[in-house]
Amino acid sequence: MEMQADRVELEKSDFLQPLDSEIQTWMSKAFDMALEALENGEVPVGCLMVYNNEIIGKGRNEATRHAEMVALDQVLDWCRFREKDPKEVCEQTVLYVTVEPCIMCAAALRLLHIPLVVYGCKNERFGGCGSVLDISSDLLPHTGTSFKCIAGYRAEEAVEMLKTFYKQENPNAPKPKVRKDLISPPDGAVVVQVKQGPQDDESETIAPLS
């Protein structure tokens, strides 16, 4: 029994230390997805989930979901279709993503027992793997299991893609509505919206600044 336990721990250790060639293969595919997103005017983030040398989930950012959440949904669908235990599959699945998962996504990865995340650049505003909070390794009772991170793979490239996206106009962003009939107020005045009552429409009036 002791030898069997040692063998399991050894296999787990190997699993959590992928070869550089493995990282290069899967991260290249994730970066290809990010570049495709950028070319389509979308946030350039690409994500893959690899189980037993097979991609079982992948995603790009959507309007209401980050790439990791899209990929996780596909993993769960994959498990249902093949009648696999999601926990057992997730415990042997590696996430490859071009940008550090946010706090929300990192929490979801913990809950689903993903053991290893490989990512490119840091997410300085929302990162959940150390940049803002360390959801990946903090002691958080009743929130799944902590996971290991390998950070910084092609980080500069990931940052440059994000910079390129934010410099250009996003064609998918909603267009601002401009009132064509709005008369410009005189100097030293602002337009104020006034509600006449809870059921009435808003009306506009011009109020002096002083």
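Student: In this predicted model, which residue of strand 2 does Leu48 stand opposite?

Tutor: Leu48 stands opposite Lys58 in strand 2.

Student: What makes strand 1 and strand 2 a pair of strands?

Tutor: Two strands pair if at least two bridges are found between them, and 6 bridges join strand 1 (residues 46–51) to strand 2 (residues 54–60), so the condition is met and the two count as paired, running antiparallel. Strand 1 and strand 2 also form a hairpin with 2 residues between them, and Asn52 in the turn has a positive phi of about 55°.

Student: How do you know that strand 1 pairs with strand 3?

Tutor: Set against the need for at least two bridges, the 5 bridges that join strand 1 to strand 3 (residues 93–99) are sufficient, so these antiparallel strands are a pair as well. Here Tyr51 stands opposite Thr93 in strand 3.

Student: Is strand 1 mostly covered or mostly exposed, and what shows it?

Tutor: Strand 1 is mostly covered, since 6 of its 6 residues are buried, each with under 20% relative accessible area. Gly46, Leu48 and Val50 point one way from the strand, while Cys47, Met49 and Tyr51 point the other way, and all are buried.

Student: Why are the rings of Tyr51 and Trp78 called an edge-to-face pair?

Tutor: Rings pair if their centres lie within 6.5 Å, and planes over 60 degrees apart count as edge-to-face; the centres of Tyr51 and Trp78 are 5.5 Å apart and their planes stand at 65°, so both conditions hold. Tyr51 lies in strand 1 and Trp78 in helix 3, so the pair ties together parts that are 27 residues apart in sequence. Both Tyr51 and Trp78 are buried.

Student: What makes Phe165 and Tyr166 an aromatic pair, and of which kind?

Tutor: Their ring centres are 4.9 Å apart with 75° between the planes, which satisfies the limit of 6.5 Å and exceeds 60 degrees, so this pair is edge-to-face.

Student: Why is Phe165 called buried or exposed, and why Tyr166?

Tutor: Phe165 has 5% relative accessibility, under the 20% limit, so Phe165 counts as buried. Tyr166 has 60%, over the 50% limit, so Tyr166 counts as exposed.

Student: Which residues are closest to the centre of the largest pocket, and which helix gives the most to its lining?

Tutor: The largest pocket holds about 730 Å³ of space; of its 29 lining residues, Val43, Val45, Asn61, Leu162 and Tyr166 are the closest to the centre. Helix 6 gives the most to the lining, with 4 residues.

Terms used. Residues numbered from 1 in each chain as written. Predicted model: local features only at pLDDT ≥ 70, side-chain atom pairs only at ≥ 80, totals over all residues. Heavy atoms only, no water. 1 Å grid on protein atoms, 1.4 Å probe; cavity = no way out; pocket = protein on both sides within 12 Å on 5 of 7 lines; lining within 4 Å. Points joined across faces, edges and corners; volume = space filled by probe spheres on them. Phe/Tyr/Trp six-rings, centres within 6.5 Å; stacked < 30°, edge-to-face > 60°. Buried < 20%, exposed > 50% of the residue type's maximum accessible area, 1.4 Å probe, protein only.
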